[in-house]
Amino acid sequence: MLSHKLRFFVFAWMGVFVVVYGRGRMVDPPGRSSMWRFGFGTPVNFDDDRLNCGHRYQPLDFLSGNCGLCGDRLDQGPKENEAGGKFATGIISKIYHRAEIITIKLQITHIREGFFEFRLCENNDVTKRITRKCLKHVLVNPDTGETMYPVAATTEYIDVSAQLPANDKLSLLNDKLSLLNDQLSLQNDKLSLLNDKLFLLNDQLSLLNDKLSLLNDKLSLLNDKPSLLNDQLSLLNDKLSLLNEQLSLLNDHLSPLNDKLSLLKDKLSLLNDKLPLLNDQLSLLHDKLSLLNDNPF
């Protein structure tokens, strides 16, 4: 498993030019049929080194697509080594980090040359079966730059190095898009808070206007106290003027926030416009990879 809660299905297969009876198992990280050998308490499979599509002549069937992706027979249902099968328990046998150079240990029990190739399928659902299209991450040997690992005609343990994939451009853009959305949400929250303050000031202004109107009525009734009432009226006018200045100041603060909000929306729109292009580029890379997989030599 890679870090950041991203689960990958590791897939290894042996390619040969003639039909031979090759056998082997992946022991580090242990494959799901071999985990019982290393104390995981998973179902026992004594034939865990014979996941060659059901019989010795089916490696050719795998190359033509007539074989289960996890080495089961095509007509087996449910396939024991795929999601829903008895060996696919969902237990993670080992955890890795993105872009890490790892060592994979293989035990060869019977082979007459050939090669191994390792692929990753991004899958966070242990109940979901993988597909050939999902196996898009081909691991590269960092020492040779090749994806195929030749095997000599011998029976032994083999250690090989592989480079795990790093974050792709689409994932980075999605992270930036998520960050911009968070910033936009924060600006919207600030804008909402300022609007609440504005409504509060408007309510206070309305209340003061009501008081001013009441005082004017009293002034009309109390002509004998013009000086006192005029002083009260002046005080209220001063408060009204102060509130108007505060209201103007809040409006000045609100204007740049609206500008920032508009700028963030423009950036979000630009990123959304770039996403289809990146998706097309990613699809083109997938097609090229699929072409290479269909014609490995």
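Which helix is Asn188 found in? Asn188 belongs to helix α2, which covers residues 169-221. Keep in mind as you look around that this is a predicted model.

**View 1. The whole chain is built from helices and strands.**
Let's start with the full picture before zooming in. The secondary structure adds up to 3 helices and 7 strands. If you walk along the sequence, these elements come in the pattern β-β-α-β-β-β-β-β-α-α. Of the 297 residues in the chain, 35% are buried. The chain exposes about 18200 Å², and carbon and sulfur atoms supply 54% of that area. Contacts also reach across the sequence: among those between residues at least 6 apart, 70% join residues at least 24 apart.

**View 2. Gln187 and Asn188 sit side by side in the sequence of helix α2.**
Gln187 lies in helix α2, and so does Asn188. Are these residues buried or partly exposed? Gln187 has a relative accessible area of 13%, so this residue is buried. Asn188 has a relative accessible area of 34%, so this one counts as partly exposed. Leaving aside residues up to four places away in sequence, Gln187 touches Leu257, Leu261 and Leu264. Leu257 is a useful landmark for Asn188 too: their C-alpha atoms are separated by 9.1 Å, although the two residues are 69 residues apart along the chain.

**View 3. The largest nonpolar core draws on helices α2 and α3.**
Nonpolar side chains tend to be buried together in soluble globular proteins. In this model, the largest nonpolar core has 20 residues, and those with the most contacts inside it are Leu177, Leu184, Leu194 and Leu236. Which elements give two or more residues to this core? They are α2 and α3, the latter spanning 226-294. Helix α3 gives the most, with 11 residues. For a closer look, find Leu177: beyond residues up to four places away in sequence, Leu177 touches Leu268, Leu271, Asn272 and Leu275.

**View 4. A second core is separate from the one in View 3.**
This other core has 17 residues. Among them are Ile108, Phe116, Phe118 and Ala162, which you can pick out one by one in the structure.

**View 5. Strand β4 is largely enclosed and has two partner strands to explore.**
Strand β4 covers residues 114-122, and 7 of its 9 residues are buried, so the rest of the structure largely encloses this strand. Strands of a sheet pair through backbone hydrogen bonds, either parallel or antiparallel. Here, β4 and β6 (residues 148-151) run antiparallel and are joined by 4 bridges. To spot this pairing, look for Glu117, whose bridge partner in β6 is Met148. Strand β4 also pairs with β5 (residues 137-138), again in the antiparallel sense, over 2 bridges. In this pairing, Leu120 has His137 of β5 as its bridge partner.

**View 6. A disulfide joins Cys121 to Cys134.**
A disulfide is a covalent bond between the sulfur atoms of two cysteines. How many disulfides does the structure hold? There is 1, and the S to S distance between Cys121 and Cys134 is 1.8 Å. Cys121 lies in strand β4 and Cys134 in the loop between β4 and β5, so the pair ties together parts that are 13 residues apart in sequence. The torsion about the S-S bond is about 95°, so this disulfide is right-handed. Both Cys121 and Cys134 are buried. Cys70, in contrast, is in no disulfide, and the nearest cysteine sulfur, that of Cys121, is 9.3 Å away. Cys70 counts as buried too, at 11% relative accessibility.

**View 7. Strands β2, β3 and β7 form an open sheet.**
These 3 strands are arranged in the order β2-β3-β7, with antiparallel pairing. Why is one side of β2 and of β7 left without a neighbour in the sheet? Strands β2 (23-28) and β7 (157-163) stand at the edges and each has a single partner strand, so one side of each has no neighbour there. On average, neighbouring strands of this sheet are turned by 30° against each other, direction ignored. Strand β2 and strand β3 (residues 101-110) are joined by 5 bridges. Within this pairing, Met26 stands opposite Leu106 in β3.

Notes:
Residues are numbered from 1 along each chain as its sequence is written. This is a predicted model: local features need pLDDT of at least 70, side-chain atom pairs count only at pLDDT 80 or more; totals for chains, interfaces and linings use all residues. Side-chain values use heavy atoms; hydrogens and water are left out. Buried means under 20% relative accessible area, exposed over 50%, partly exposed in between (1.4 Å probe, protein chains only). Two strands pair if DSSP finds at least two bridges between them. Contact means heavy atoms within 4.5 Å. Accessible areas come from the Shrake-Rupley method with a 1.4 Å probe; for residues, only the protein chains shown count as cover. A nonpolar core is a set of buried Ala, Val, Leu, Ile, Met, Phe, Trp, Tyr and Cys residues joined through side-chain atoms within 4.5 Å. A disulfide is a pair of cysteine sulfur atoms within 2.5 Å. Axes are lines fitted to C-alpha atoms, for helices over the stretch in contact, and angles run from 0 to 180 degrees between N-to-C directions.
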